[in-house]
Structures are given as structure tokens and as C-alpha cells.
Amino acid sequence: MTTAAAPTHARRPDPMTPVPHRVIERRRETHDTVTLRLAPTGSALPPFRPGQFTMLLAPGVGEVPISVSGDPTATDGVLEQTIRVVGAVTRALTGTPVGGVVGARGPYGTEWDVPSARGGDLVLVGGGCGLAPLRPALLEALAHRAHYRRVVAVLGARDPENLVFADQMARWRRRADVEVHVTVDRAGPDWPGRVDLVTAPLAETALEPARTVALLCGPEVMIRRCAALLLDRGVPATRVRVSLERNMKCGIGHCGHCQLGPLLLCRDGPVVPYSAAAPQLAVREL
């Protein structure tokens, strides 16, 4: 009697195993921020959506969550990640030379859902490195510009030297189909732009509240103040979306390090409606 062989199934990739990527371009944005373009050495990761993040591995050092800052309309499998030095892992990642190899897994988390603003106004407010997670949303909106009544970007930093994507900002400002407001908290006499908080140009922006979707990313104090301003002007809290940061370790909702109230930010975030975020923003990270 012959026993039939058990069927074989392709093994699913381990979600905790990083995929090797080679650095094909390294671009310095500011004194402590670098953008890496990463090409997979084998199979590419699944396509990302604006607002999602990957877990990036510096071999022998550690792993950190980094928002994808590249163009979501690109189809070449190359990841673009903008990284600010805040510790040993980010220092190792930003120091990786062209030709060096890092690991990446993902993409993880929720998205900005840019298409939900179609037919109305899309407002993006980014402070400091907060522009990095917002950049894919802006690029997606500009790639489908005819679907939006207005696209407004309010971008800020502590000082001119900390403005990321400065060259691209200048190109956006020359476009007639997008309103770009750039401001810094402080600057010397040679700065030709505005010195103010991002709340100032945001308050001056004409809005139709019921037709507005706002995306906010930056320091939490900035998020709270901008969200309060938008809500005071009648934008529904469900149409104000924010990107939250907490200490992520696994990226897939298993370890619980990123728990914020009822949310696991790697799974339920990082992008959440302000209606869900507001009660949690008072909770300080330990």
C-alpha cells in the first residue's frame, strides 16, 4: 500500500527577518539628517503607502522604525528613508556608505489615506523631520493634482539649517498648483523667509472646513496646537490625521512596546485620526 505524500506549501517569509538592501545613494539633508536610497539585493518589499514605516537594521548595532519618505508612485522597489541621528542605530544607518548593506522589513502601519481628500482641500503641516513622513503624501497628491481643489503645505523647522528637502521645497514653491508656506522659529538676518511658528501661516490659510483633510506630523506640541486651531475653525476631528511616535520594537503588534492607551502604534498607527489621538497625547512616553 502506497501512502500519498503530504502536500508541500511555500513557507511564508518570517516577518521578523530583515531583507538586505544596498545603499545606492546617500544624501545629506541637514547636519544630523540623511536620506538613504536603498535597493533590495533580492526580492523587493511590498509597495508602501504614504504614512507607513519600515524597520531598518544596522547590522551588528540594532533596529529602528523609520517612516518611508520616497515617492509612492515609483515602481522600482527602491526604498527612500530619511533618518535623523538620535542614537547609536540611527548614527550607524546614516553613516552607511554607498555600497553598504542594511536590512529592512515592512512596510508596516497605517497610511495617510490621501485619496479621501479628493474633491476638496488637502492641508499638510510638517515640523522639522515631520516632513519626511508627509513627503510621500504630498508627492501622491501632486501626481494626481486634478483630483484636489487645493493642496496646501505648511512646513517649519527650528532654523533654516534644519529644513529637510530644502531643494525640493524650493521647486514646490515655484509651482502654481500648490501653496507652500515655509517658516522657521528663529533665523539670522540673511534668512529671506518668514520667522514664526507653523500655526501662524496655518491660521491665515483660507479653508472650507467640511471639505478639508489635514495631515499633521512633527513634535507633539505642534500637533496639539495645529489640531486645536483646525478644530476651532470647524474641521472635523475625524478629518484631521496625525502621525504619532512611541518606542517600537517588533513592528507587528506582538511586543507591546509602542502601546499608547488602547493603541499599538505599529499596528493601529502611526497615522490615526485626531479624534482617537487626542485622549492619548497627554500620555508621556516612559
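## Tour of a predicted fold

Asp113 is partly exposed, with a relative accessible area of 33% (buried means under 20%, exposed over 50% and partly exposed in between, using a 1.4 Å probe and protein chains only). This is a predicted model: local features need pLDDT of at least 70, side-chain atom pairs count only at pLDDT 80 or more, and totals for chains, interfaces and linings use all residues. Residues are numbered from 1 along each chain as its sequence is written, and side-chain values use heavy atoms, with hydrogens and water left out.

Back to Asp113. You'll find Asp113 in the loop between strand 6 and strand 7 (121–127) (helices are DSSP runs of H or I with at least four residues, strands are runs of E with at least two, and both are numbered from the N terminus). Asp113 has a phi near 55 degrees, a positive value in a residue other than glycine. Phe165 has a positive phi too, again near 55 degrees. Phe165 sits in the loop between strand 8 (150–157) and helix 3 (166–174), and Phe165 is buried, with a relative accessible area of 3%.

Why do these get a mention? Because most residues other than glycine have a negative phi, and most peptide bonds are trans.

On the peptide bond side, there are cis bonds to look at. Gly106 and Pro107 are joined by one, with omega about -5 degrees, and Pro107 is part of strand 6 (residues 101–108). Gly269 to Pro270 is also cis, with omega near 5 degrees. Pro270 belongs to the loop between helix 6 (265–268) and strand 15 (271–273).

Now zoom out. The protein has seven helices and 15 strands. Its radius of gyration is 20 Å, which agrees with the value near 19 Å for a compact globule of 286 residues (taken over C-alpha atoms; the globule rule is 2.2 Å times the number of residues to the power 0.38). Along the principal axes, the C-alpha atoms fill a box of roughly 80 × 40 × 40 Å. Of the 286 residues, 49% count as buried.

The chain folds back on itself a good deal: of the contacts with a separation of 6 or more, 71% come from residues 24 or more positions apart (contact means heavy atoms within 4.5 Å). The accessible surface comes to about 13,700 Å², and 53% of that belongs to carbon and sulfur atoms (Shrake-Rupley method with a 1.4 Å probe; for residues, only the protein chains shown count as cover).

What does the record add? An unreviewed UniProt entry lists residues 16–114 as "domain: FAD-binding FR-type" (positions follow the numbering used here, feature names are shortened, and annotations may be inferred rather than shown by experiment). That stretch is 7% helix and 46% strand, with its end C-alpha atoms 29 Å apart.

The unreviewed UniProt entry also gives Cys250, Cys255, Cys258 and Cys266 under "binding site". They span 17 residues in sequence, yet no two of their C-alpha atoms are more than 10.1 Å apart, so they gather at one spot. Cys250 is in the loop between strand 12 (240–243) and strand 13 (259–260), and Cys255 is found in the loop between strand 12 and strand 13 as well. Leaving out residues up to four places away in sequence, Cys250 touches Met16, Met55, Arg105 and Cys255. On that count, Cys255 touches Lys249 and Cys250.

Arg105 turns up again with Pro15, which touches Arg105, Tyr108 and Ile252 beyond its neighbours up to four places away in sequence. Pro15 comes in the segment before strand 1 (19–30). From Pro15 to Leu207, 192 residues along the chain, the C-alpha atoms are separated by 42 Å.

Thr205 is in the loop between helix 4 (199–204) and strand 11 (212–217). Apart from neighbours within four places in sequence, Thr205 is in contact with Arg150, Val152, His181 and Arg233.

Here is how some of these residues sit relative to the surface.

| Residue | Relative accessible area | Class |
|---|---|---|
| Pro15 | 41% | partly exposed |
| Thr205 | 5% | buried |
| Cys250 | 6% | buried |
| Cys255 | 36% | partly exposed |
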